[in-house]
Amino acid sequence: MYDIEKVREDFPILKRVVNGKPLAYLDNAATSQKPRKVLDALTGYYEQHNANVKRGVHRLSEEATAAYEEAREKVARFLGAPDARGLIFTRGTTESINLVAYAWGRKLLREGDEVVLTETEHHSNLVPWQLAAQVTGAKLRFIPIREDGTLDMDEAERLIGPRTKLVGCVHASNVLATVNQVERLAEMAHEAGALMLVDGAQSAPHLPVDVGRLGCDFFAASGHKMLGPTGVGVLWGRPEVLEEMDPFLGGGEMIREVHLDHSTWNDIPYKFEAGTMNVAQAVGLGAASDYLEELGMQNVREHEKRIGEYAYHRLSEVEDITIYGPEENRTGVVSFTLPDIHPHDLAQLLDEDGIAIRSGHHCCQPLMRRLGVPATARASFYLYNTEEEVDRLVEAVEKAREFFGAFAS
Ligand code: C6P
């Protein structure tokens, strides 16, 4: 039994009052709040173990190194990674995808090769590939979406072929809430001899993820969206593929030997972890993975599905509203627009009632163009949100409609 009141007790920030109203934090796709367990892990690390990792033989350095490596094991297990050697700590999804686009893309893409993406990608799974394409002469192709916001898998079949070297796809859309068929795309990619990259920024926090079962070669995620601290994320890569790649950043700890005119590289994953890493944040992410595992990702998914569906149905009763994305198989993201109300104005008005939602293009400008809007309002739910918060959201949206309606007439 999922005890929502008990879960909420774990998050101190949820007791905040904003503009005289209890905070309803509905901007979880941007970043999640942090449970006490994660906050304690950060403080505990700094109070008891802080030192630079892998550089000292003194006690604290050994403890810090052990805590860092334990965090790697925890996150690898959380993602179903068969081998923690494939788990690289980064700053987040953006850096993870840039790592692949630089260290794999710039080394292995050639003129005439193709990278197949989708028109729903976040800028962080688009711009790094544009940069790699400019340097290598590779071409980018895009799988379109159908009217309901799901990927056109027939078009995907047509686009993925002998020239394809990599297929990159967002697992769960931060705008449409669509859960994409990345397993099927991975099969298509592999049949064509290409690699599969999954942007898991919006799936790792919300769905049970098993990189082995997804069949992907790379999986990127951000710690701060899955209850962890900012400044840390992961790239999981199939070890054989990571071995083949060049380093991303050069510096301390990623080397085996350095000469004045050349260097050789450390083993994976260290080859990709140059300089002093965000050690405390990695430890915090390990604690976040523990917290999510203790709750059970299937329970988290079911709770969010319930809240997401409730929000979808309650919001669809609002007159003249447009909700984007499919009706079925959604995550807890609900993007919408109302005629005559700019999403920023709506978000500002909702803030007066203590309700935090996001408005804007959500770093998906090509998708906004495809939808024919400059921006949307977006409520995004997580494991601590309640039906009562959905009711407050709907009530505040109705109030905004009346307010702006009176203004327009
Ligand atoms: N989306 C939002 O939708 P970073 O900033 O590196 O932690 O995550 C980038 C990122 C990559 N892919 C997807 C699907 C994402 O949703 C995001 C982040 C946030 O509000 C910020 S734009």
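**Helix crossing, a buried serine and a hairpin**

In this predicted model, helix α3 contributes Ala 64, Ala 67, Tyr 68, Ala 71, Lys 74, Val 75, Arg 77 and Phe 78 to a set of contacts with helix α10, where the residues met are Val 279, Ala 282, Val 283, Leu 285, Gly 286, Ser 289, Asp 290, Leu 292 and Glu 293. The two helices span residues 59-78 (α3) and 279-295 (α10), and their axes come within 8 Å, crossing at roughly 40 degrees. An angle between 35 and 65 degrees counts as oblique, and α3 and α10 are therefore oblique to each other. The crossing in which α3 passes α10 is left-handed.

Attention turns next to a single serine. Ser 32 sits in the loop that runs between β3 (24-25) and α2 (36-49). With a relative accessible area of 1%, Ser 32 is buried, because that value falls under the 20% cut-off. The side chain of Ser 32 makes a reach of 3.0 Å to the backbone oxygen of His 224, and one of 2.8 Å to the backbone nitrogen of Leu 227. When neighbours within four places in sequence are set aside, the residues in contact with Ser 32 are His 224, Lys 225, Met 226, Leu 227, Tyr 382 and Tyr 384.

Finally, there is a strand pair to look at. Strands β11 (residues 255-258) and β12 (residues 263-265) are paired in the antiparallel sense, with three bridges between them. Val 258 has Ser 263 in β12 as its bridge partner, and the hairpin leading from β11 to β12 passes through four residues.

Methods: Residues are numbered from 1 along each chain as its sequence is written. This is a predicted model: local features need pLDDT of at least 70, side-chain atom pairs count only at pLDDT 80 or more; totals for chains, interfaces and linings use all residues. Side-chain values use heavy atoms; hydrogens and water are left out. Buried means under 20% relative accessible area, exposed over 50%, partly exposed in between (1.4 Å probe, protein chains only). A polar contact is a pair of N or O atoms within 3.5 Å; within protein, one must be able to donate a hydrogen and the other to accept it, and residues adjacent in sequence count only if both atoms are side-chain atoms. Contact means heavy atoms within 4.5 Å. Two strands pair if DSSP finds at least two bridges between them. Axes are lines fitted to C-alpha atoms, for helices over the stretch in contact, and angles run from 0 to 180 degrees between N-to-C directions. Angles under 35 degrees count as roughly parallel, over 145 as roughly antiparallel, 65 to 115 as roughly perpendicular and the rest as oblique. A crossing is left-handed if the near helix is turned anticlockwise from the far one by less than a right angle, and right-handed if clockwise.
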